[in-house]
Every structure is written in structure tokens, then in C-alpha cells.
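Student: Before we talk about this chain, could you show me its sequence and its model, and then help me see how each description is justified?

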Amino acid sequence: ACRAAALTAGDAAAVADLLAEAAALDPEGAGPRLLDRARLLAALARAEEADDSYAAALAALPPDRALADEHATFRQRALAGSRPAAAPLEAYALRAPTRREAAHALRTAAARSVAGGDLASALRCARRAYARSEEEPAFAGPLLARLLYLLGAADEALALHRSLLEASLGAVPPEDAIALCRQGAELAESAGDVGLALRALDELLRLRPQDLDAALARFRIDPDRRRAAEALAAAAVACRSDRRRALALLSAARGALDAGDAALAADLTERAHRAAAHAPGLAVEVARARAGTVRALEGASSSAYLAALHEAISVAQDGGDRAAARDLLEEAIRRQRERGLFADAARDLLQLDALAAAEGDFAESAARLRAAGALLRTCGDLAGAADALARALAAHPESQETAVQLEEVLRERGAEGTDALVRLLADRVARAAPGEDRAGAYLRLAEAHASMRDAPAEEAALRGALAEAPGLEPAEDRLLALLAGARRTGER
């Protein structure tokens, strides 16, 4: 009657007090009244009193999983951080009618503790859940394994992961099985158990064939490099990213080369090439890898390797990758020189010149042109050599070495090179230091004019030499001979 009057008057606090008194007067029937009181206090936001009443009610009532969940949910919502949400479920587990129901409650308690950030409570509940369901390891095992892994209990975690992986994972939900495989692979690799790590990764790839990260991890640790390459290539097929698929196939190709299987490497590289066609920025890397596999198959001195290098050079140049183009050209030039293909090496040196000039490195450009000129001269292409050396001198006019080489080539060309030779020597006169250096340049210029039978120009050059170095015997002798030939012996 008092309770009804309090409710009618809207005095919920008084009702809560009356429920407590009624429970105290009738201990055997206290459970329902304490539960009503807990719910009423919860509605009044008197959280701690409500929690105490929930605990007393559940202890007085027969074991009831739904009420334990209700209490745990209340704690999680109203008393987070101050009272563990797992405790009501742990209490229920102690009174549960069967081991299976206790295990269910404890697993839920562990999950609630994880959600609340209380990993210590979660581990305690997971251990108890696992102990009550050992005949069914997949029931609480994955959660316990996860907690041991997170808390750094490596030895215990590894033992449990091994046990679960050796049993069938068919009863484990796919998401839990995937996490279990990842953790197990990491733990096993850290412990040096490559076999278990491979087993975990194989199972993970069975569950998620498109998981390229797992496939790459497997590739990295598998000591059988051919098997590793084949497994990675198989996983790459399921990858939807062209870029990642191409990179994985390239890695697999390198694994095949490590295993000495150049044919497999060539096949995988070709597949990477096809994948890279739709992946901007990968073309150069794939082209270089293809060249590497050709080298492994055919040898570094083979024509096929040179062809693959030049294909990669074209790809690099088309993609604007100057650094890659430079490296590849250097390799091609080395191989061409080894085989005596000097004209081909010279052509590639001219490409290196173009790259250096594009970057404003004119000293480097001149060096490349000078090297190209030397090779062209060696293989008898004097016109090409003269052109390359002239360009080198234009790029670096102060280079005495280039000027000397160009002068030698122009002299070797004979009549075809005289006009250019005169221009070159006239320029060297202008650039030479006054005195003996300039006199020597005049002498060489006089020789060039003499070969062209241009006596006036020869005379002027000889007089220029004597002006720079009076009494210079070679100049005087040649001038006297020239004047004598013209019957001008009276002149000096």
C-alpha cells in the first residue's frame, strides 16, 4: 500500500527505499524486489546504488544469463572505468548450470573487457573461458591467442597459436582465423620457426587469396626460392591493383633468378611487363628487370641483352627518367666496348651527351662527346669523329685535350678536313697565351695553309709566330724558304 501510494505521488526515491525495506523483511523473496530497485535507481541516475542492488539481486535470484548481461551493460554504460563490466558475467559463470554456458559468459566478459580497454580482466576471463571449453579449442582459443599476442606473452602465445593452427580452423569465424594466422606467422618468424610461419601464411592465403601483403611476407621467409616465386606469382594473380601485381611479379622473378630458374624469371618478368602497361611509373623498373632476366638467360655479352638494355633506355627516355636512362646507357656502353662494337658505343655516348647538355652540365657533355669521337676514330669514321669532337669543343672551348684530338682527326681526313682545320687553328691562335704558346699555334696554322697551297696566308701565320717569339728558328726557316720560293730573298 505504501509503495502504491509513493508511486501514485510520483516519489520514485521513496519507492526505492520501500523496495529495500521489503527485501530486508523477506530475504527469500528479495531477488525480484532488489532487481526492481536496481532498475529504478538506474532510472534515477543513482548509478552506484543501482549497481549494488543489481549485484544483490543477481546473487539472490537463480542464475540468469540475460540478467547478467543487463547488469554488465549497465556497468559499461554508467560506471565505465570505476567498476569492471566483466564482473557480473564472471559471477554468473561461477553459478552457470553447464561448463558450456560458463564458457560463453566468460568469453563475452572478455570481449566486454577488451572493448573497455581492460586487457588484464579480458585475459583472465579468456583463460577461464578456454579452460572450460578445451574440448573445443576454436571457441575461446582465438580470443585468448589475440590477448596473449597483444600483451606480449610471446612464448605462451606461440604455443597456443601452434595448437590452433595444427587443429582445423574450419570452426573459427573467418575474421578470427585471419587474425590468428597473421599473429601466428609473426610470432613464429620471431621465434625462428619458419615452418610454422609458412603454414600460417599458407592458411591466410587460403582464406584471403588476394592478400598480397601476406604473400610478400611468405615470399620473404621461404628458403625454397623457386617455391617462393611460384607462390607469390599465384597470389599476384588475385591482386586487383595493376601496380602492386606488377611489383609482386617482379619480386617473384628475382626469386626465380635466385633459384637459378632463368626461364621462370623471364616468364614472370614478361607478366610484370604486361601488368605495368596499366601502371604509370613502373615501366622503367619492369624494363630493367626484363633486361636482367635476359642477361641471366643469354649472358652479359649477348646481343639479346644489349637489345633489352636499349629497350629499357627508350622506356626511360620516354618517361623522362634521365637517371635511369644514364645508368642503362653506361651499362650498354661497357658491354659494347667489351665486344668491340665501338660505333654502337659511340652512338650511346652521344645520347649521354644529350642528357648532360639537357641538365646544363657542359663539361660532362664535352667529355662524353670526346669519348664518342675517340671511338668513332678507332672504328674509322673520321667524319663522325670530327663532328663529335667539334661539338665537344663548342661545349667546352677551353679544353686543350679536345682541341688536340680534333686537330689530329682533321689532319687525318686530309683535304676533306683542311677548311675545318684552318678554322680550328685560327681559333686556337686567338685563345693561346701570348709568347711561345701563341707562336706554336701560328706554326700549326701555317702548316695548314701550306697544305692548302695558300702562300699569303702561310706567310702571315709565320710572321705572326715570329712576332710572338722573335728568332723562333722553325718559323724563320720556313719563312725564308717561302720567300725564296717566291724569289723574294731580299725580304725578311
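Tutor: Accessible areas here come from the Shrake-Rupley method with a 1.4 Å probe. In this predicted model, the chain exposes about 23800 Å² by that method, and carbon and sulfur atoms supply 52% of the area.

Student: How do you know what radius of gyration a compact globule of 492 residues would have, and what does the chain have?

Tutor: The globule rule is 2.2 Å times the number of residues to the power 0.38, which for 492 residues gives a value near 23 Å, whereas the chain has 45 Å. The chain therefore does not match the value for a compact globule. Along the principal axes, its C-alpha atoms fill a box of roughly 160 × 55 × 35 Å.

Student: What makes up the chain, in helices and strands?

Tutor: The chain has 27 helices and zero strands. One of the helices is α17, which covers residues 283-298.

Student: How do you know how far α17 should reach from its first C-alpha to its last?

Tutor: The expected span is 1.5 Å times one less than the number of residues, so the 16 residues of α17 give an expected 22 Å, and the helix reaches 22 Å, close to that expectation.

Student: Why are V284 and R290 of α17 called buried?

Tutor: Buried means under 20% relative accessible area, and V284 and R290 are among the residues of α17 that count as buried, so each falls under that cut-off. The buried residues of α17 pack against α15, α16, α18 and α19. Of the 492 residues of the chain, 43% count as buried.

Conventions. Residues are numbered from 1 along each chain as its sequence is written. This is a predicted model: local features need pLDDT of at least 70, side-chain atom pairs count only at pLDDT 80 or more; totals for chains, interfaces and linings use all residues. Side-chain values use heavy atoms; hydrogens and water are left out. Helices (H or I, at least four residues) and strands (E, at least two) are DSSP runs, numbered from the N terminus. Buried means under 20% relative accessible area, exposed over 50%, partly exposed in between (1.4 Å probe, protein chains only). Contact means heavy atoms within 4.5 Å.
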